[in-house]
Amino acid sequence: MFNGTEFDFGEVAQIDLPFEHDFIFRNTSFEQVTILAVRSIHPNLKFIHTKSDVFTGEYGFVKVKLYTDSLEGLLNEEIYVTMRIGETVKSQVLYLRANIQATGKTDNERAFNDTKIATSVEVSPDDIETMEGFFGKDRICLLYT
């Protein structure tokens, strides 16, 4: 289900902001998938994950945040994801590696870094259509009841 179950941050520095990685999965089953829990024994790992049901063909995620400010040396960690697929409960193990050094990289190298700046913006349906490029017959159709 996951597009990859391993990620290596490489050599990273000891900094205040977390290094982040998204493990993405697609529900290829014919039943709903719900993430029940994401856990690790390491106190410097925090998680955000899809909270809603993931229907057939849709995508879900587990975002891992690694806080390196109090770490040094090699880190090899297992992350345990417990999911309900229909009526069955299954587990998936994700693997995370990093080499934390004072001279390591400080840039998270993410296309979109949501830990540095968070803003709240009101966006209208017209704005969304403009941003997404929906100008022709494929415009977003809004239903008002």
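Student: Which residue in the turn of the hairpin formed by strand 6 and strand 7 has a positive phi?
Tutor: Heads-up: this is a predicted model, so local features need pLDDT of at least 70, side-chain atom pairs count only at pLDDT 80 or more, and totals for chains, interfaces and linings use all residues. Residues are numbered from 1 along each chain as its sequence is written, and side-chain values use heavy atoms, with hydrogens and water left out. Strands are DSSP runs of E with at least two residues (helices: H or I, at least four), numbered from the N terminus. Two residues sit between strand 6 and strand 7, and the one in the turn with a phi of about 65° is G86.

Student: How many bridges pair strand 6 with strand 7?
Tutor: Pairing takes at least two bridges found by DSSP between two strands. Here strand 7 covers residues 88-100 and runs antiparallel to strand 6; L74, for example, stands opposite N99 in strand 7. The bridge count for the two strands is 13.

Student: And strand 3, what is the bridge partner of I35 in strand 6?
Tutor: Strand 3 (residues 33-39) and strand 6 (residues 73-85) run antiparallel, joined by six bridges. V33 stands opposite I85. For I35, the partner in strand 6 is M83.

Student: What is the order of the strands in the open sheet with mixed pairing?
Tutor: Strands of a sheet pair through backbone hydrogen bonds, either parallel or antiparallel. In this sheet of four, strand 1 and strand 3 are the edge strands, each pairing on one side only. Neighbouring strands are turned by 25° on average, direction ignored, with axes being lines fitted to C-alpha atoms (for helices over the stretch in contact) and angles running from 0 to 180 degrees between N-to-C directions. The order is 1-7-6-3.

Student: Which strands stand at the edges of the sheet with order 2-5-4?
Tutor: That open sheet has three strands with antiparallel pairing. Five bridges join strand 4 to strand 5 (residues 59-66), and L45 stands opposite L66 in strand 5. Two of the strands have a single partner each, so one side of each lacks a neighbour in the sheet: they are strand 2 and strand 4.

Student: Which strand gives the largest share of the largest nonpolar core?
Tutor: A nonpolar core is a set of buried Ala, Val, Leu, Ile, Met, Phe, Trp, Tyr and Cys residues joined through side-chain atoms within 4.5 Å. This one has 26 residues, and F2, V62, L66, I79 and V81 touch the most other members. Strands 1, 2, 3, 5, 6 and 7 each supply at least two residues. The largest share, five residues, comes from strand 6.

Student: Are the rings of F2 and F25 stacked or tilted?
Tutor: Rings of Phe, Tyr and Trp (its six-membered ring) pair if their centres lie within 6.5 Å; planes under 30 degrees apart count as stacked, over 60 as edge-to-face and the rest as tilted. There are three aromatic pairs by this rule. F2 and F25 have ring centres 5.1 Å apart and planes at 55°, so the pair is tilted.

Student: Is F25 buried or exposed?
Tutor: The cut-offs for relative accessible area are under 20% for buried, over 50% for exposed and partly exposed in between, with a 1.4 Å probe and protein chains only. F2 comes in at 11%, which counts as buried. F25 has a value of 1%, so F25 is buried.

Student: Which residues does N3 touch, not counting those up to four places away in sequence?
Tutor: N3 lies in the segment before strand 1 and counts as exposed at 63% relative accessibility. The C-alpha atoms of N3 and F23 are separated by 7.1 Å. With contact meaning heavy atoms within 4.5 Å, N3 touches F23 and I24.

Student: How many contacts does the stretch 140-145 have beyond near neighbours in sequence?
Tutor: pLDDT is the predictor's confidence in each residue, from 0 to 100; the chain's mean is 82, and 74% of its residues reach 70 or more. Over residues 116-121 the pLDDT is below 50, and that stretch has one contact beyond near neighbours. Where pLDDT is low, the predicted coordinates should not be read in detail. Residues 140-145 are also below 50, and their contact count in the model is four.
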